[in-house]
Structures are given as structure tokens and as C-alpha cells.
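Biologist: Please pick one part of this protein and take me through it closely. Start from a single residue, and then show me what lies around it and how the helices pack.

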Amino acid sequence: MRRTDAGAYMFWNVAGMLGLSGNILADTFFVSDRLGADGLAALNLAVSIFGLINGIGMMFGIGGATRYAVRRGRKEEEEAGKAFTAAVCLGAAAGGILAAAGSSWVWQLARLLGAEGEILPVCVSYLEIILLFAPMFICNHVLTAFVRSGGRPGLAMAGMLAGSLSNIFLDYLFMYPLQWGIRGAAFATALAPVIGAGFSAACLALNRHRFGLAGCWRPGRFRLRLLFSEGFDLIRLGGAAFVNESSASAVMVLFNLLVLRHGGNTGVAAYGIVANLALVAMAVFTGISQGCQPLISRAYGEGNGREADGIYRKAGRTAALLGTVAAVSAWIFAPQLAAMFCRAEETALQAMAENGLRLYFTGFLFVGGNLMTAAFLGAVERAGTAFRLSLYRGILGTAAAALLFSQVLGVAGVWLAFPAAEFGARLFRRRLVSGDGAVPASGTGGAG
């Protein structure tokens, strides 16, 4: 893989991540149409669990794929296979724990997320199905990461899109002809990773020699001590990705509670519109960073620092441009975007969502550079620095800004917390990487 592959990797992975984010967006559209503001509020409270599930999947997927790419770059094929085995086994085990916990404590979890009154049973219905399928969500992330690292970003994208397109079709089938309500939306979303993971598993099995995974498929390769020896390394390398995703859940819960206090259920429904459209925009930047990860790790493993730096700079410039497009588009098209999820009579919801889109999306001017820098640091084994940057932008800065601003500005303060935290992270990362030495001086600026 050469630097010239960077554009293709970014394109294919962005396309796949957009398809993946379409799962939640499809749910939002169909639920808002069928169940109105209350259903949308219940859905928004429930979907915060995806941050934790996706965070675990990305942690083992990106951590494993990073170690895999570095070892293959050093021609350590057998050691690369160990990273794959550990990532799959640990991801499946973590998913099993979430499924078991969900079946036992789903009502308590729904209340913890802020659900109460008439929206509580609706939230529970969605959560219990999603948690039951947690192993498939996690394994889908892990397998997709290895397909991408194996030099087939197009196949990785195809697997994600196959699941996402099926979700849109099943959403319509389950919620309209079958009239399953919120449970139909949950089932449609839960079946998407089953299709995606099956596609990725078939690609790996049929092309295992190409992907450098042949040693993983021989009987007797599994050893419990392998999980312990490899697991901590994968968690260390994928920790930044976990923080980026799981902190989104924590922030969503906090935002829901603050918006509920200042704007009631209508405010929570408005935040659901803003947050789910933001997930689509965020998928673009996540796709850029994850698409470049195997190329940077491979170049780093081969000792080609100049190529790794060049890929980082190219991705940073792309992210800065797309962030500007996202922010400007939200300001111009806020009425049209909000109207997609609001009924004609829900004027208060429409107005609140429009204001939220304009203020919240300002943060995308800075998101791309922050995510790309964290991804670069993780790809070149500067996991500690990547983790600190992700922790700051993911939860510490955002939570502090939300708590402070909401006391002064109400719901508007919640919307402004995201851009304030991302701008603070931009300043923070400059100081962080200058002392680390992992990111080139030109790349620090070029990443937005």
C-alpha cells in the first residue's frame, strides 16, 4: 500500500461509515413519522447506548488492526495473526457481557438514561433488542477493521452498506406493513450488523492468505494466555477510539438530561434530530481517520515516516474542507433538515431543532483535525497521547462546557458546548503533540 492509496481508502471508508450511520438516521426518520415527538424522545434516550457498543467494537477492531498492520509491515505474519484472534475473541466476549447485562437490568438502564413516564416502556423495548445483538454489533466492527487493514477498503465498505441498506428496507417493513412500532425499528437496526459481519467473515475466510490470516484458522491456535498477552496491547492501541465513541454516549446522556431540564420532552426530541444528523457528519471524519489508519500503521511499521506524515497531512486538509462544508450547510439548510423529522403541527420542535443545528454544527469546523490527530498518534503507537486528546475532546471539555453554558443560556448553552469543546481541543492538541514529537509540525497545522 502506497501513499497514493490514501484517497481511495478515505473514500471507501467514508462511504461505509455514512452507510453505518444511516442505521440510526433511518430509525429517527421512521420513528418520528410513526410515533411523533414522544417516540423520537424515547429513541434518542435509547440510542446513547450505541456509543458504548460501538466504542468497544472500535477499540478491539482498530487496536487489533493497528497491531496487525504494523506486524505485517515488519513481515511478522504469525504475530499479526495473534492480533486477529485476540480481537475477535475479546470482542465477542464483551458483547456477550453486554447482552447478559441488558437482559437483567434494562429497566434500570432506561431510567438511568433519563426515560420516565410514558416514554419509559418505549425506551426499554428498543434497548432490550439492541443489547441482545451487542455481540454482532461489536464483531461487525472488528471484522470490518481487519478487512480494511487487509488491503480491501472497497469490500469493507460493501459490507457496511449491505447492512445499512437492509436496515432501511426492514425499518419500513417492520414499522409500516407489520406495524411493530419501536420494536420494529430496533429489530431492523439489530439485523444490520448480522449481515455486515457475515459479509466480512466470508471475505476473510475466502481470502485468508491474501489477508495474512491463514495461521488463525488452524485448530489449536486459541490459547487463553494469548488473550491476556494480546488483549492489553489491543486495548492500549484502540483506547482513543473507545474514548471517542463511548464518551459520545456519556455526553449524549448528559445533554439529554440538561435539555430535558430546560426544554422538556420537546427539547429531547429536538436534540435527537440534531444528534442523529451530527452522527452522519461525524461518520465522515471517522471514516477519514479509520481509512488512513492501516496506511499510516503500515508505513510506520516499514520505517517510512515521510509517507506516514504525508498521509496525515492529506487527510487533515480533506477533513478541514469537509468540516467547513458541514458547518455552512447546517446554517443554510437548517429549516429543511429539521423539517425532515418534524410534523407540520410541531412548530416548537421545528424551531428548537433549527437553532440547535446552526449552533451545534459550528463544532465541525474543528472536529476533523482533532479526530485525525488522535488517529495518527494511535497508528504510530503513541497511544497515551492519543488517549489524552480523545479524553479531553470526548468528555471532559464537552461536559464542562455543557454544565457551565446551560446554567447561563439554557438549551442554547447545550448546543454551544460541542463547538466550544472542539475548539478547546484544537488548542489543547497543539500543546500536546508539540511535546510528544509524534506529529510533524506541518501536519499539526494542516489537520485543521
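Modeller: Ala 308 is buried, because its relative accessible area is 3% and the cut-off for buried is under 20%. Keep in mind that this is a predicted model. Ala 308 belongs to helix α9, which covers residues 305–339. Leaving out residues up to four places away in sequence, Ala 308 touches Ile 296, Ala 299 and Phe 376. Another residue to find on the screen is Ala 379: 71 residues separate it from Ala 308 in sequence, while their C-alpha atoms are 9.4 Å apart in space.

That pair can be set beside a figure for the whole protein. Taking contacts between residues at least 6 apart in sequence, 82% join residues at least 24 apart. The chain has 448 residues, and 60% of them count as buried. As for the elements, there are 14 helices and zero strands, so every entry in the order from the N terminus on is an α.

Now follow one of the contacts of Ala 308, namely Ile 296. Ile 296 is among the residues that touch the most other members of the largest nonpolar core, together with Ile 53, Tyr 126, Phe 361 and Phe 364. This core holds 114 residues, and helix α8 (residues 224–301) gives the most to it, with 27 residues. As background, nonpolar side chains tend to be buried together in soluble globular proteins.

Ile 53 leads to another part of this core. Apart from its neighbours within four places in sequence, Ile 53 is in contact with Leu 98, Ile 130, Leu 131, Ala 134, Phe 137 and Ile 138. Some of these contacts turn up again when we look at how helices pack. Two packed helices are described by the angle between their axes and the distance between the axes.

Take α2 and helix α4 (residues 120–132): their axes come within 11 Å and cross at roughly 5°. An angle under 35 degrees counts as roughly parallel, so α2 and α4 are roughly parallel to each other. On the α2 side the contact is made by Ile 49, Phe 50 and Ile 53, and on the α4 side by Tyr 126, Leu 127, Ile 130 and Leu 131. By class, this contact has seven nonpolar, no polar and no charged residues.

Then take helix α2 (residues 49–73) with helix α5 (residues 134–149): here the axes come within 8 Å and cross at roughly 30°. That angle makes α2 roughly parallel to α5. The crossing of α2 past α5 is right-handed. Among the residues of α2 in this contact are Phe 50, Ile 53, Gly 57, Gly 61, Gly 64 and Tyr 68, and among those of α5 are Ala 134, Phe 137, Ile 138, His 141 and Ser 149. By class, the contact has 14 nonpolar, six polar and no charged residues. Ile 53 therefore has a place in the contact with α4 as well as in the contact with α5.

For a contrast with Ala 308, look at Gln 179, in the loop between α6 (153–175) and α7 (182–206). Gln 179 is exposed, with a relative accessible area of 58%. It also has a positive phi of about 55°, although it is not a glycine.

Notes: Residues numbered from 1 in each chain as written. Predicted model: local features only at pLDDT ≥ 70, side-chain atom pairs only at ≥ 80, totals over all residues. Heavy atoms only, no water. Helix = DSSP H or I, 4+ residues; strand = E, 2+ residues; numbered from the N terminus. Buried < 20%, exposed > 50% of the residue type's maximum accessible area, 1.4 Å probe, protein only. Axes fitted to C-alpha atoms, helices over the stretch in contact; angles between N-to-C directions. Parallel < 35°, antiparallel > 145°, perpendicular 65-115°, else oblique. Left-handed = near helix turned anticlockwise from the far one by under 90°. Contact = heavy atoms within 4.5 Å. Nonpolar A, V, L, I, M, F, W, Y, C, P; charged D, E, K, R; others polar. Core = buried A, V, L, I, M, F, W, Y, C linked by side-chain atoms within 4.5 Å.
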